[in-house]
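Reader: I would like to go through this model site by site. Short answers, please, with the reasoning shown.

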Amino acid sequence: MAQKSILVVEDEADILELIRFNLAREGYRVSGVEDGETALARAFEKPPDLVVLDLMLPGINGLDVCRALRADPRTAITPIVMLTARTEEADVVAGLELGADDYITKPFSPRVLAARIRAVLRRRRESRAPEDETVKVHDLVISPQRHEVRLRGKAIELTATEFKLLHFLARHPGWVFTRDQIVDRVRGEDYAVTERSVDVQVVGLRRKLGAAAAYIETVRGVGYRFKE
Ligand code: CA
């Protein structure tokens, strides 16, 4: 398989070097730039297979870089992993809503970053299950056609909204979704879904899932994720 190329955008030289060194050792072709303008020029000229994007950059910030990448057809679907500080939860939410694929909080271990990158590249290759397809994940079987959820063979009764929420999250194991993204995808027929009510739906869903409740993970300050 051809070597994957990764563009790393990070203004802190030592962090950039650390990432560059470790990703090169993992077999990626890595190029590093220190500001958003150069990142966009480089990405448009020769779109990389993935972008590692620090959010706090001099000049145009990471969120604007993310927005510009998504808006251009050359990089509209290029995977983006954001680098953030622990205090930037609101930016993480904004970045995910702009279409970034994942994020990692500083300080991070290079090994964790490499694992996250592998996961994001792998997910991009797999075609996602269509909306009406039965999802089998862990010990759950979710069948939209029959509107049925079974946990180890035993049926679980869910409301229409809970069902949609579970099916949506379970179709994308490992992906973090913000409440707003969930509202967008899960339009309730029996319930007006709002950002706040997503939390209420999750509480109800977890209660009914019992032993499988832990599959729906809360990502603090960001949203929810189905356990990979
Ligand atoms: Ca920075």
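Reader: Which residues coordinate the calcium ion?

Author: This is a predicted model. The coordination distances run from 2.1 to 2.3 Å. Along the chain the donors follow the spacing D-x42-D-x1-M. Two Asp side chains give OD atoms and a Met gives its O: the residues are Asp 11, Asp 54 and Met 56.

Reader: Is Asp 54 buried or exposed?

Author: The cut-off for buried is under 20% relative accessible area. Asp 54 has 2%, so it is buried.

Reader: And Met 56, buried or exposed?

Author: Exposed means over 50% relative accessible area. Met 56 has 54%, so the verdict is exposed.

Reader: How are helix H2 and helix H3 oriented when they pack, roughly parallel or roughly perpendicular?

Author: H2 covers residues 36-45 and H3 covers residues 62-71. Their axes are 10 Å apart and make an angle of about 20°. Angles under 35 degrees count as roughly parallel. H2 and H3 are therefore roughly parallel.

Reader: Is the crossing of H2 and H3 left-handed or right-handed?

Author: The helices meet through Gly 36, Leu 40, Ala 43 and Phe 44 in H2, and through Val 65, Ala 68 and Leu 69 in H3. By class that contact has 6 nonpolar, 1 polar and no charged residues. The crossing of H2 and H3 is right-handed.

Reader: Arg 67 lies in helix H3. How accessible is Arg 67?

Author: Arg 67 is 16 residues from Val 51 along the chain, and their C-alpha atoms are separated by 13 Å. Partly exposed covers the range between the buried limit of 20% and the exposed limit of 50%. Arg 67 therefore counts as partly exposed, at 44%.

Reader: Which residues is Met 82 in contact with, leaving aside neighbours within four places in sequence?

Author: Met 82 lies in strand S4, residues 80-84. Met 82 counts as buried, because its relative accessibility is 0%. Its C-alpha atom is separated by 25 Å from that of Leu 165, 83 residues apart along the chain. The contacts of Met 82 are Leu 53, Leu 55, Val 92, Gly 95, Leu 96, Ala 100, Asp 102, Tyr 103 and Ile 104.

Reader: Now helix H6 and helix H8. Are they roughly parallel or roughly perpendicular?

Author: H6 spans residues 160-170 and H8 spans residues 195-209. Their axes are 10 Å apart, at an angle of about 85°. The range for roughly perpendicular is 65 to 115 degrees. H6 and H8 are therefore roughly perpendicular.

Reader: How do the residues of the contact of H6 with H8 divide by class?

Author: H6 brings Thr 161, Glu 162, Leu 165 and Leu 166. H8 brings Gln 201, Val 202, Gly 204, Leu 205, Lys 208 and Leu 209. The residues of this contact divide into 5 nonpolar, 3 polar and 2 charged.

Reader: How many of the residues of H6 are buried?

Author: The buried residues of H6 include Thr 161, Glu 162, Leu 165 and Leu 166. Others among them are Phe 163, His 167, Phe 168, Leu 169 and Ala 170. H6 is largely enclosed by the rest of the structure, because the buried count is 9 of the 11 residues.

Reader: What does Val 198 touch, not counting residues up to four places away in sequence?

Author: Val 198 is in helix H8. At a relative accessible area of 1%, Val 198 is buried. Its C-alpha atom and that of Glu 133, 65 residues apart along the chain, are separated by 23 Å. Val 198 touches Arg 179, Ile 182, Val 183, Val 193 and Tyr 224.

Reader: On to the backbone. Is the peptide bond from Lys 106 to Pro 107 cis or trans?

Author: Pro 107 lies in the loop between strand S5 (102-105) and helix H5 (110-125). Omega for the bond from Lys 106 is near -5°. The bond is cis.

Reader: What is the phi of His 147?

Author: His 147 is found in the loop between strand S7 (140-143) and strand S8 (148-151). At 41% relative accessibility, His 147 counts as partly exposed. His 147 is not a glycine, yet its phi is positive, at about 50°.

Reader: And what is the phi of Arg 152?

Author: Arg 152 sits in the loop between S8 and strand S9 (154-156). Arg 152 is exposed, with a relative accessible area of 60%. Arg 152 is not a glycine either, and its phi is positive, at about 45°.

Definitions and conventions:
Residues are numbered from 1 along each chain as its sequence is written. This is a predicted model: local features need pLDDT of at least 70, side-chain atom pairs count only at pLDDT 80 or more; totals for chains, interfaces and linings use all residues. Side-chain values use heavy atoms; hydrogens and water are left out. Donors are N, O and S atoms within 2.8 Å of the metal (3.2 Å for Na, K and Ca); water is not among the atoms, so sites may look incomplete. Buried means under 20% relative accessible area, exposed over 50%, partly exposed in between (1.4 Å probe, protein chains only). Axes are lines fitted to C-alpha atoms, for helices over the stretch in contact, and angles run from 0 to 180 degrees between N-to-C directions. Helices (H or I, at least four residues) and strands (E, at least two) are DSSP runs, numbered from the N terminus. Angles under 35 degrees count as roughly parallel, over 145 as roughly antiparallel, 65 to 115 as roughly perpendicular and the rest as oblique. A crossing is left-handed if the near helix is turned anticlockwise from the far one by less than a right angle, and right-handed if clockwise. Contact means heavy atoms within 4.5 Å. Ala, Val, Leu, Ile, Met, Phe, Trp, Tyr, Cys and Pro count as nonpolar, Asp, Glu, Lys and Arg as charged, and the others, Gly among them, as polar.
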